[in-house]
Amino acid sequence: MKTDESGQGQMDRLLRRLERERRARAQAETLLEERSRQLYLANHELALLASALEQRVEERTQELVAERERAVALARQDQLTGLANRRNFNDFLSAACSRVWARSGRVSVFLVDVDDFKHINDAHGHEAGDAALTEVARRLSCLSHSGLAARLGGDEFAVVCIDLATEEQEKALAKSIVETLKQPYAFGARSLSIAVSVGHASLPDHANSSAELMRHADMALFASKKAGRATATAFSDDLRDEAEERRLLELELVLALDRGEIVPWYQPIVEGAGRTPKGVEVLARWNHPLRGVVLPSLFLPLAEERKLLGAMFISLFRQACREIGPLISAGKLSYLSVNASPSQFRAGGFAALIQLLLQETGFPPKALVVEITEDVIMTDLTRATREIDELTRLGVRIALDDFGTGYSNIASLSRLPIQWLKLDRSLIARIGDGHVEQAIVRAVLDMARALHIDVVAEGIETERQAEWLISAGCRRHQGYLYGRPTPFDALRDFLSSHAIKHASTG
Ligand code: C2E
Ligand code: CA
Ligand code: CA
């Protein structure tokens with residue numbers, strides 16, 4: 001019985017365990033099923049994600065390729081005008097020159113420079129300047145045929161052509177560039193005009209390499225610029241010789257300044273019927289060891305290019321103060337007049353420099369006259385006014401030089417503290433011509449009187465001119481009639497001989 005019972009018990013336990021196991025397995029299976037479903041879903045999601053990722057990678061790769069292509073294009077293109085840039089131009093030119101060497105043909109380069117571009121910017125604003133450059137670009141593209149038009153920077157453009165067979169065709173294209181670009185362009189409601197200078201050269205006629213071709217086209221451009229607005233020039237051997245001469249002179253000029261070969265000469269300015277020398281104008285001369293005395297018209301532009309004008313001015317100023325200072329202290333002269341170039345004035349700090357130099361030399365500010373030209377005032381009236389005001393505060397007088405040659409803006413004259421006006425030689429030379437010319441000079445003298453400005457007449461060569469000017473009320477004179485520019489020793493002799501003459505006649 002006990003055995004039966006325990007047998008039954010064992011059976012029950014076994015059944016219960018089986019049941020538990022079955023349930024556990026069922027639960028595990030459900031769980032497993034759930035897990036595998038989750039896994040399936042996760043897998044599916046992963047697959048979706050992977051495919052999305054793949055697509056994004058593909059898209060991004062395409063974007064990068066496009067961006068790179070854009071960047072490459074931009075690196076070869078001028079942003080403002082859309083023309084080829086300098087790098088692009090150089091590559092094109094080198095390739096074209098290589099082809100000519102390998103086979104045959106010609107490469108013609110035209111360098112194009114906008115005349116007086118600064119004036120467009122200054123007078124009409126930078127937007128007008130940009131519009132002018134864009135218009136130049138558009139017209140050049142139309143003219144460049146199978147070649148390439150490029151903007152090399154600023155207001156410099158270039159065209160390279162490979163389909164011109166003769167120099168005559170090149171000259172014709174250069175001429176049509178000048179003519180086409182002379183046509184006015186529209187800026188808003190206004191019509192503005194521009195002009196360009198062109199220099200051109202070709203390979204193999206004028207050069208053996210692309211670098212030489214560019215150099216020679218540049219020499220031709222320089223000649224055009226020198227000749228004035230809207231001119232085209234073809235390269236020639238003469239131009240190369242001139243350029244070499246200029247380069248040599250430029251190098252010598254750097255040394256000359258160091259060696260003290262640039263010296264002040266002095267031209268007297270006389271006053272009144274007694275023609276008493278009251279002051280002197282400093283005029284720069286170069287005592288060249290081989291060429292003799294070189295005039296400023298030859299070396300000042302070189303000094304400007306080489307940025308030597310500032311150093312030259314300081315050296316001349318110091319020497320002039322040293323030489324003329326004692327004559328002023330001794331009462332033999334009343335003033336020293338110096339020329340300031342527009343670029344010096346534009347650079348700023350000019351008045352501060354004068355103040356320093358006056359302190360250093362002990363030269364009296366009241367005995368100094370600074371001569372400026374109209375373009376100083378025309379290009380930047382605000383800055384010019386500031387510098388002039390500062391100079392006036394120091395006690396220095398301002399003279400407006402070369403009056404009658406430029407724009408002669410009378411309105412700005414009345415607004416500026418200018419004490420002197422120097423009538424240009426060309427006006428004086430014409431007073432013998434007739435009534436109209438005399439009337440012009442009289443009108444200037446009247447205007448100056450009304451503005452309380454003193455007038456110095458320059459370039460007086462004859463007694464008749466002197467007498468007419470005195471009769472018209474102009475008593476301050478400068479010119480060969482009274483004395484040419486001379487070195488200091490000759491000036492001293494001149495002053496003594498005048499004093500002796502004056503003493504013996506007076
Ligand atoms: P500018 O300031 O108008 O100087 C007067 C020029 O006329 C001088 O020429 C002088 O020699 C010349 N001249 C004077 N009287 C007569 C005359 O009766 N007849 C003729 N035919 N000429 C006369 P220069 O010395 O050759 O100077 C030329 C220009 O160079 C000057 O014209 C001035 O603008 C510039 N210059 C000269 N020295 C300096 C300088 O140290 N600094 C700067 N920035 N410019 C200078
Ligand atoms: Ca002068
Ligand atoms: Ca002058």
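## Domains

In this predicted model, the domain assignment divides the chain into domain 1, which covers 86–235, and domain 2, which is made up of 253–414 + 482–505. The centres of domain 1 and domain 2, taken over C-alpha atoms, are separated by 40 Å.

## Two calcium ions

The calcium ion (ligand 2) has as its protein donors E281 (OE), N339 (OD1), E371 (OE) and D401 (OD), which lie 2.1 to 2.3 Å from the ion. Along the chain these donors follow the spacing E-x57-N-x31-E-x29-D. Distant parts of the chain are linked here by a pair of donors, since N339 belongs to strand β11 (residues 335–339) and E371 to strand β12 (residues 368–372), 32 residues apart. With a relative accessible area of 29%, N339 is partly exposed, whereas E371 is buried, with a relative accessible area of 1%.

The calcium ion (ligand 3) is coordinated by D401 (OD), by D402 (OD) and by E458 through two entries marked OE, at 2.2 to 2.7 Å. Its donor residues are spaced D-D-x55-E in sequence. D402 lies in strand β13 and E458 in the loop between β15 and α17 (463–471), so this pair ties together parts of the chain that are 56 residues apart in sequence. D402 counts as partly exposed because its relative accessibility is 26%, while E458, with a relative accessible area of 12%, is buried. What bridges the calcium ion (ligand 2) and the calcium ion (ligand 3)? The bridging residue is D401, and the two ions lie 4.0 Å apart.

## Strand β14 and its partners

Strand β14 (residues 420–423) pairs with two strands that also bear on the calcium sites described above: strand β13, which holds D402, and strand β15, which precedes the loop containing E458. With strand β13 (residues 397–403), β14 pairs in the parallel sense over three bridges, and L400 stands opposite L421 in β14. Strand β15 (residues 454–457) also runs parallel to β14, to which it is joined by four bridges, and here W420 stands opposite D454 in β15.

Within β14, W420 and K422 point one way from the strand, L421 and L423 point the other way, and all of these residues are buried.

## A pocket and a cavity at α6 and α7

The second largest pocket has a volume of about 410 Å³, and 17 residues line it, of which D218, M219, F222, A243 and R246 lie nearest its centre. The elements that give two or more residues to this lining are α6 (210–227) and α7 (237–259), and α6 provides the largest share, eight residues. By class, the lining of this pocket consists of five nonpolar, one polar and eleven charged residues.

A search of the whole structure finds three cavities of 30 Å³ or more, and the largest cavity has a volume of about 50 Å³. Which residues line the largest cavity? They are M219, F222, A223, K226, L239, E242, A243 and R246, and α6 and α7 each supply at least two residues of this lining. By class, the lining of the largest cavity has five nonpolar, no polar and three charged residues. M219, F222, A243 and R246 therefore appear both in the lining of the largest cavity and among the residues that lie nearest the centre of the second largest pocket.

Definitions and conventions. Residues are numbered from 1 along each chain as its sequence is written. Chains are lettered from A and ligands numbered from 1 in the order in which they are written. This is a predicted model: local features need pLDDT of at least 70, side-chain atom pairs count only at pLDDT 80 or more; totals for chains, interfaces and linings use all residues. Side-chain values use heavy atoms; hydrogens and water are left out. On a 1 Å grid over the protein atoms alone, a cavity is a set of points where a 1.4 Å probe fits but cannot get out, and a pocket is an open set with protein on both sides within 12 Å along at least five of seven lines; lining residues have an atom within 4 Å of a point. Grid points are joined across faces, edges and corners, and a volume is the space filled by probe spheres set on the points. Ala, Val, Leu, Ile, Met, Phe, Trp, Tyr, Cys and Pro count as nonpolar, Asp, Glu, Lys and Arg as charged, and the others, Gly among them, as polar. Domain bounds come from an automatic or database domain assignment. Buried means under 20% relative accessible area, exposed over 50%, partly exposed in between (1.4 Å probe, protein chains only). Two strands pair if DSSP finds at least two bridges between them. Donors are N, O and S atoms within 2.8 Å of the metal (3.2 Å for Na, K and Ca); water is not among the atoms, so sites may look incomplete.
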